[in-house]
Amino acid sequence: MKSIRSVLPLLLLVLVSVSSFAQAQTREVTGRVTTTAGQPLSGVVVALAGQTGGVRTNDRGEFRLQVPNGDVTVIARTIGYKRGTQRVASGSSSVDFSLEKDVLELEGVIVTGAATSIERRNAATAVAVVSADALARVPAQSLESALQGKVIGASINMNNGAPGGGGQIQIRGASSLIGRIDPLIIVDGVAISNATRSNMQSSITGSLNAAEENGTNRLADINPNDIANVEVLKSAAASAIYGSQATNGVVIITTKRGREGSPRFNFTQRVGTSQLIRKQGSRHFANLADALSEIGANNEGIAAATAACTATSCPYFDYQGDLYGQTSPSFESVMSLSGGVGSTRYYASGSDKQESGIAMNTGARRQSLRANIDQNVGDRITISLGSNLIRSFSQRGVSNNDNAFSSPLYGFAYTPAIIDLQQKDALGQYVLNPFAGGGTLKGSNPFQTFDLMQNNEDVYRLIFSGKANWAAYTGEKNSLNFSIQGGADRYSSENYIRAPQELQFQRPGTTEGGIFPGAIVQGNGTERLTNVTTSAVWAFTPGWISATTSAGVQLQDRAFNDYNLLGRGLGPQQSVAAGAQNITITDRQEKSRTQAAYGQEELLLFGERLYVAGAIRGERASLNGDPHKIFYYPRGQASYRFNPSVRGIDEVKLRTSLGVSGNQPSYGDRFLALTSYGIIGGLPAYGLPSTIGNPTIKPERLSEFELGLDGSFLTQRMRVEATYYNRKLTDLLVRPQLAPSTGINATVVNGGEMTTKGYEMGLTLVPIQRNNLSWTSRTTWYQSRADITSFPPGVQPFTTGTAAGGFGNAYGRLRFAPGHTVTTIWGNKIVNGSTVGNQPLADANPKYVMSFGNDVSYKSLNFNVLVDYRRGGTVSNMTLNLFDEGANTWDYDDPSPDVAVGPTLGAYRYNSWGGGANTAAYLVDGSYTKVREVNLSYDLPAAFASRFRGAQNAKLSFSARNLFIISGYNGFDPEVNNGGNFVARFVDLSPFPPSRSFWLSLDLGF
């Protein structure tokens, strides 16, 4: 420490001297940036070629830039326009730019390191960028929903239709078997949580595990209206800058910031509604005999059916339409203020979105306040700060699998729709459901459940980010920048569930009520992520080459604390767990730390046509078995742009990359901890737990080779993207088979390999581009396949044991085995008249996925439509199985393909399944076509806008999301998944039905 203190004064003196010398060697260049029509462009970045920083234009398009003495090259760039380049002679002090529209999105800046970026035209990896306009064009439940169909190679799915969001982003297929599968999320340089927290609903409804509780992942908190763009790093060569957290890709979110100029205020008011996309209904019973044939030996059910039906007819009640038929209005108000004066720029926003669910007493509300500020301190220091305060509140009801028939579709499957479940007696008590489960002590009334049961999640979240950049030296051929960037993300999630003993499935003697009727869960989970990165960037630009050298260190901490109180046996009107007859407490704490250092070199050669880069990251983490061991993640990439002398070909770029990234073990995989055995012989006893840690555990390792081609043609009227990737994952996290005599059920080890190969293609066309009319069409296509190639000795094929992985051989499940794909569905098969288990039957992975987007503008009118198409991908349709088992399916009485197997279609399906002997009977094709987004907007005349005092412009929009589905799938939606996020999605088991939404929006600019 003494030696360091002695060096610091000398180092400070050197830096001050360098800064003073640099200031004496510069001059000021001024100018203006406009469109080709002469309109000023604000917020354009103007900088020296090869410089990482720069200045921004004000609302008049003007800028002032400090440059070295001598001849220099100045560039101007902004999203949506082609970049401009001008050579400024040593004796000149002004330069102007006129930028053209970038219809094909060939320009832009791509992240290449912790503190560096490259222009998109030189990027050597396939990176997807989604603009603010594309995100906010049609209101969405969450950011995942807004990204659907806009990122080539990313499978983005919503788990079901419950309000508040809840989805999964999977980039380039499966990248782990039992490890983390979600991408790393970065917001303004801050790594944020995307966790889905259990609210212990399963302890009340009888679900198998927490994954079936229909939770919301925390990405749903982020307000899409605040986002400037989303950049998705897909390849290991791009994501390796984040080391062992990057195997699943990285989603980089950049929020909006202020621009120099007068204050600009924008206000948007939206009103909308949602409705069920597909209503399947249930069986219509012709008469009493027909109904009794389903009810069987259920005396309460027989009595109810006898009272409701006659020998010639039965009433029909539309349970699904009544429960999921709410169309209450939803509202969203968004306002923002931005601008800049002198060296200060600011952006502030506030939003309040109230989303009404399609089921009674369901809904979600997201409130957000954001403030971003950028401050120049002199000519060389820039400080950027950002903060985002969020509140997310949701009431998502009950859905998915359970063992008390409390999930509506699960209960409806066994309930003939012949009695009115919404009716109440003279005391206001709901009628009991006498059918589901075999009597009133076995089932539930979903209308009563949604009316009386409370299931609330209340989240408060604060995300803070900061960055300081010091341009220590700027010379004619060299520049040196130092930066520090970091921040924190902290949320508190409070869950409250109250299931009073009045509920049918919570009464005394029921499966869930038992001897302690009524239950309450009160809990809270907090998570805090902090990270900081310090970097130094040296740019060397002698003219024939542009070299950028960067290095830095990173630190990231995570802390998680979660507890729940479960009280059973409630008194009348009791609303807290304290005082319940039986109380259970759960608690969990986690802490982890990751430390890393990196170095990177980037070269631009031959007139910026050849780009070559290499980097390495060294990292250690407390989640590893040896927290002091450093793991290295190298990467290299190159691209070359050339202009062949062929008519119709503007430019072609070839690119290739090779990178290594990792996937950290889960918390606890390394710990050898003792567990309590209770009191033995009057003394506390401890011993090995059923699951033990592995002190040699280490990250999974991904090596990926990528090869691609990008080209523009026909005078930039056509753009082509094509990518091939080959991923090899080693040191897989797997579960070995342990001898029962050890008393240990499970552990996690490294070993084995899997490969993922895929193709991505994109085609953008501009068929029409005239003064008043333009049409841009974009088509994307991708496919991937993940194969398990080997397991280490001692590891046999294994299953996951979770709901998302399937419900056993009878219904189809994932079973990881070498020689098969990760997404293979295994089950029972009849071979030579006998049932044989663990047979590969189908694959949950689609053959390919496509999207089709079209944007048409005519004068002040704009029309946009986005369509998704999925080919293949098998689904285990367990919802259909439930309804067939209850002889209550919507198409149960349709003609049978073979009356010898079953007299009706429903009986045929169920008998073909044979109680699970033939799993394939309910494994069905999940292909679909979805109209994801439709938007029609009109820029209102200035005369109309002026009616709002101070308004300068106004726009009216009508939009729809998930307008309709075209699919032969016999269910609500093949996209849903029981059990939430998982390596493969294929289980449809009584989900919350998806909905379509319609919105009318008015945007005002002041």
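Colleague: Hi! How many salt bridges does a search of the whole structure find?

Modeller: Hi there! This is a predicted model, and the search of the whole structure turns up 51 salt bridges.

Colleague: Okay, let's pick some. What does Glu933 form a salt bridge with?

Modeller: One partner is Lys150, and the closest N and O atoms of that pair are 2.7 Å apart. Glu933 sits in strand β45, while Lys150 is in the loop between α3 (143–147) and β11, so the pair ties together parts that are 783 residues apart in sequence.

Colleague: Are those two buried or exposed?

Modeller: Glu933 and Lys150 are both buried. For Glu933, the relative accessible area is 3%.

Colleague: And how far apart are the closest N and O atoms of Glu933 and Arg961?

Modeller: In that salt bridge they are 2.8 Å apart. Arg961 belongs to strand β46 (residues 953–961) and Glu933 to strand β45, so this pair ties together parts that are 28 residues apart in sequence. Arg961 is buried too, with a relative accessible area of 4%.

Colleague: Which residues are joined into one network by salt bridges that share partners?

Modeller: The network takes in Arg172, Lys234, Lys653, Arg655, Glu704, Glu706, Asp710, Arg727 and Glu760. One salt bridge to look at there is Asp710 with Arg655, where the closest N and O atoms are 2.9 Å apart. Asp710 lies in strand β32 (residues 700–713) and Arg655 in strand β29 (residues 649–663), so that pair ties together parts that are 55 residues apart in sequence. Asp710 and Arg655 are both buried.

Colleague: Switching to empty space now. How many cavities of 30 Å³ or more does the search find?

Modeller: It finds 13 of them in the whole structure. The largest cavity holds about 550 Å³ of space. It is lined by 41 residues, and those closest to its centre are Ser155, Asn157, Tyr782, Pro846 and Val849.

Colleague: Which strand gives the most to that lining?

Modeller: That would be β37, with six residues in the lining of the largest cavity. Strands that supply at least two residues each include β11 (154–158), β12 (167–171), β41 (848–858) and β42 (861–871). Strand β45, home of Glu933, also supplies at least two residues.

Colleague: What does the lining of the largest cavity look like by class?

Modeller: It has 19 nonpolar, 14 polar and eight charged residues.

Colleague: And how much space lies in the second largest cavity?

Modeller: About 360 Å³. This cavity has 32 lining residues, and the closest to its centre are Gln141, Gly161, Arg961, Asn962 and Ser995. You'll recognise Arg961 as a salt-bridge partner of Glu933.

Colleague: Nice link! Which elements supply at least two residues each to the lining of the second largest cavity?

Modeller: They are β17 (261–276), β19 (344–356), β45 and β49 (995–1005). The most comes from β49, with four residues. By class, that lining divides into ten nonpolar, 15 polar and seven charged residues.

Colleague: Let's go to the surface. Which residues form the nonpolar patch there?

Modeller: Ile373, Val377, Ile381, Ile383, Leu385 and Phe464, and together they have about 440 Å² of accessible area. Strands β20 (363–377) and β21 (381–395) are the elements that give two or more residues to the patch. The largest share is from β21, with three residues.

Colleague: Where is Ile373, then?

Modeller: Ile373 is in strand β20. It is partly exposed, with a relative accessible area of 37%.

Colleague: Last topic, backbone angles. What is the phi of Gln716?

Modeller: Gln716 has a positive phi of about 55°, although it is not a glycine. That catches the eye because most residues other than glycine have a negative phi. Gln716 is in the loop between β32 and β33 (718–730), and it is partly exposed, with a relative accessible area of 26%.

Colleague: What about the phi of Asn832?

Modeller: Asn832 also has a positive phi, near 55°, and is a residue other than glycine. You'll find Asn832 in the loop between β39 (824–831) and β40 (834–843). At 79% relative accessibility, Asn832 is exposed.

Colleague: Great, thanks for the tour!

Methods:
Residues numbered from 1 in each chain as written. Predicted model: local features only at pLDDT ≥ 70, side-chain atom pairs only at ≥ 80, totals over all residues. Heavy atoms only, no water. 1 Å grid on protein atoms, 1.4 Å probe; cavity = no way out; pocket = protein on both sides within 12 Å on 5 of 7 lines; lining within 4 Å. Points joined across faces, edges and corners; volume = space filled by probe spheres on them. Nonpolar A, V, L, I, M, F, W, Y, C, P; charged D, E, K, R; others polar. Patch = residues over 30% accessible without salt bridge, like charges linked within 9 Å, V, L, I, M, F, W, Y side chains within 5 Å. Areas by Shrake-Rupley, 256 points an atom, 1.4 Å probe, with all protein chains shown as cover. Salt bridge = Lys/Arg side-chain N within 4 Å of Asp/Glu carboxyl O. Buried < 20%, exposed > 50% of the residue type's maximum accessible area, 1.4 Å probe, protein only.
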